[in-house]
Amino acid sequence: MSDRPQQDTTASVTVVVPTRNNIRTIEACLRSVVEQTHPDVELVVVDNHSTDGTPEVARRLADRVITAGPERSAQRNTGIEAARGEWVLWLDSDMILPPRTIALALETAEATGATGIALPERTIGEGFWTACRALERECYLDDPWLHNPRLVRRDYLLGEGAFHTDMSGPEDADLRMKMRASGAGIELAPIIIDHDEGRLTVSDVTSKRYYYGRSIPAFAREHEGAVGQQGRAVLRAYVRNHRRLLQDPAHAAGMVALRAMEAGGYALGARRGRKDRAAS
């Protein structure tokens, strides 16, 4: 007889969506939650003082809208504390769930005894750089180590699994590493969710990575050697998928350029993060 904890596919789930000024994508995101086949889903939006109509859309579709900030990690923690579900699933407000996502994620948890379930993503949108990002994500779809959990038991998140509020960007990887270190299992659900990145530009990519990079010093302090380990795992994913990349050389070359620009943005952001910490 298995000693795995028994899960319940009729369990209650709260979906937490932190957002700020995402009027372009917020309605599609929230509708995809409302249209889930799982019967017991609560939808909580945590809005960081949006000024573009995002809160009005959220109030039409969500069970609750909470105004809170200052960053994504704090917004997620606020939503988790307010959640009524046994499980919490968090989404960025530019993500779209297929209708059976939650049902399949809970079935995976029941079958494996996992504490957290990862949902592989694919990029959708327009333009050359968005296509390069989409090709990159295809290289990760079959790699469990590179996927961060997205559906986790609420009691775990209320304890040691709370999101690190000094991080904005690496907080998902931080949670994954904390879970693995504590023996809390993470499994991949057999579903792919859409991440609507619109029309990416070089400026978008580098500025976002600079912003995320400011949290890298905090991440590195929590997980010694993890930054290099993550980089090596990404390179191995590219090697495993070399045939896929060779079939699309133009976007593969763009992907390499995009990653180089991101690395530069991360490095500059990390330098700024270290300066900020020293100054404080």
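The following dialogue discusses a predicted model in questions and answers.

Visitor: On what basis is the model read, and what pLDDT do local features need?
Guide: Residues are numbered from 1 along each chain as its sequence is written, and side-chain values use heavy atoms, with hydrogens and water left out. As the model is predicted, totals for chains, interfaces and linings use all residues, side-chain atom pairs count only at pLDDT 80 or more, and local features need pLDDT of at least 70.

Visitor: In what order do the 7 strands of the open sheet stand?
Guide: Strands (E, at least two residues) and helices (H or I, at least four) are DSSP runs, numbered from the N terminus. Two strands pair if DSSP finds at least two bridges between them. The pairing in this open sheet is mixed, and its edge strands, strand 3 (64–67) and strand 9 (186–188), each pair on one side only. The order of the 7 strands is 3-2-1-4-8-6-9.

Visitor: Which residue of strand 9 stands opposite G116?
Guide: Strand 6 (residues 116–118) pairs with strand 9 in the parallel sense, over 3 bridges. In strand 9, the residue opposite G116 is I186.

Visitor: What angle does the direction of helix 3 make with that of strand 1?
Guide: Helix 3 (residues 72–82) packs on the sheet and touches strand 1 (13–19), strand 2 (41–47), strand 3 and strand 4 (87–90). Contact means heavy atoms within 4.5 Å, and angles run from 0 to 180 degrees between N-to-C directions, with axes being lines fitted to C-alpha atoms, for helices over the stretch in contact. The direction of helix 3 and that of strand 1 make an angle of about 150 degrees.

Visitor: At roughly what angle do the axes of helix 8 and helix 12 cross?
Guide: Residues of helix 8, including V202, V205 and Y210, meet residues of helix 12, among them L258, M261 and Y266. The axes of helix 8 (residues 202–213) and helix 12 (residues 249–279) come within 6 Å and cross at roughly 35 degrees.

Visitor: Which residue in strand 10 is the bridge partner of T123?
Guide: Strand 7 (residues 121–126) runs parallel to strand 10, and 5 bridges join them. Strand 5 (residues 95–96) pairs with strand 10 in the antiparallel sense over 2 bridges, and the partner of M95 there is H195. The bridge partner of T123 in strand 10 is likewise H195.

Visitor: Are Y140 and Y238 buried or exposed?
Guide: Rings of Phe, Tyr and Trp (its six-membered ring) pair if their centres lie within 6.5 Å; planes under 30 degrees apart count as stacked, over 60 as edge-to-face and the rest as tilted. The ring centres of Y140 and Y238 are 6.1 Å apart and the planes stand at 25 degrees, so this pair is stacked. Y140 lies in the loop between helix 5 (128–138) and strand 8 (149–153), whereas Y238 lies in helix 10 (residues 226–240), 98 residues apart. With buried meaning under 20% relative accessible area, exposed over 50% and partly exposed in between (1.4 Å probe, protein chains only), both Y140 and Y238 are buried.

Visitor: What is the relative accessible area of I26?
Guide: I26 is found in helix 1 (residues 26–34). Leaving aside neighbours within four places in sequence, I26 is in contact with V17, T19, T54, V57 and S93. I26 counts as buried because its relative accessible area is 0%.
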